[in-house]
Amino acid sequence: MHEEVTHPCIQHKLALIRDVDTGHKMFRELATEITMFVCYEALKNIRIKAVDVETPLATAKCHMIDEDIVVIPILRAGVGMLDGILSLIPSARVGFVGLERDEETAEPSTYYEKMPHQIKNGISIIVDPMLATGGSTVAAIDMLKKQGAKRVVVVCIVTCAEGLQAVEAAHPDVQIYAASIDPELNEKKYIVPGLGDAGDRLYGTI
Ligand code: PRP
Ligand code: URA
């Protein structure tokens with residue numbers, strides 16, 4: 001299952017983040033803001049529990065989140081989405097997966113992994129701005145499932161049909177949410193039109 005979250009506020013910010021003239025400070029701010037909007041949609045079905053809250057006037061029947069949520073940014077660009085999702089769910093735990101695509105083959109290799117044990121019973125939310133060939137996302141989901149994760153959601157900013165198909169073929173149970181499904185990959189396996197190299201644009205390493 002995948003969903004393109006096309007709210008006008010997201011489309012406006014996508015126009016700004018894609019712009020080649022947007023510098024790293026604004027790029028980071030936009031990544032945070034877009035992440036909040038997409039995650040808002042991605043979290044719409046999480047379990048809640050009924051609680052009674054005393055207002056100054058009476059008892060209110062309220063609801064609070066009732067799930068262990070673990071956010072897993074894929075290093076390094078995924079870290080640019082961490083503030084956005086943690087501002088929605090401040091009590092979430094955070095795990096890290098370090099993956100880097102080979103510039104020639106686009107194959108990901110793993111260089112770091114640190115996961116809270118709560119991934120076994122909670123919801124694991126992978127965040128990475130770019131889901132291109134899908135290789136990095138599939139590798140991250142493989143790692144999570146090997147550690148016992150049962151429910152995995154992926155949130156990205158830009159993806160394309162090829163990447164979605166690769167992830168859905170390998171992990172049909174995973175839900176994917178994106179701000180945009182772009183038309184294609186180029187010969188270097190970059191999303192087109194995309195927004196370029198998300199890690200470089202976030203951290204000013206261009
Ligand atoms: C980028 C991006 C994803 C991956 C997407 O990371 O942030 O992790 O490429 O490509 P894929 O879907 O084809 O695997 P990159 O490997 O460039 O590392 P970085 O975040 O350190 O810049
Ligand atoms: N990684 C990026 O940062 N951008 C792409 O378009 C593809 C992979």
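**Exercise 1.** Establish which space ligand 2 takes and what lines it.

*Solution.* The space taken by ligand 2 is the largest pocket, where a pocket is an open set of points on a 1 Å grid over the protein atoms alone, at which a 1.4 Å probe fits and protein lies on both sides within 12 Å along at least five of seven lines, and lining residues have an atom within 4 Å of a point. A molecule sits in a pocket if more than half of its atoms lie within 2 Å of its grid points. The model is predicted, so that local features need pLDDT of at least 70 and side-chain atom pairs pLDDT 80 or more, whereas totals for chains, interfaces and linings use all residues. Residues are numbered from 1 along each chain as its sequence is written, ligands are numbered from 1 and chains lettered from A in the order in which they are written, and side-chain values use heavy atoms, without hydrogens and water. Next, the lining comprises 32 residues, with Glu100, Arg101, Ser136, Tyr190 and Asp197 nearest the centre of this pocket.

**Exercise 2.** Identify the backbone atoms that lie 2.8 Å from oxygen or nitrogen atoms of ligand 2.

*Solution.* Taking polar contacts as pairs of N or O atoms within 3.5 Å, begin with the oxygen atoms of ligand 2: a backbone N or O atom of Ile191 lies 2.8 Å from one oxygen atom, and a backbone N or O atom of Ala198 also lies 2.8 Å from an oxygen atom. Then turn to nitrogen, where a polar backbone atom of Gly196 is 2.8 Å from a nitrogen atom of ligand 2.

How values were computed
A polar contact is a pair of N or O atoms within 3.5 Å; within protein, one must be able to donate a hydrogen and the other to accept it, and residues adjacent in sequence count only if both atoms are side-chain atoms.
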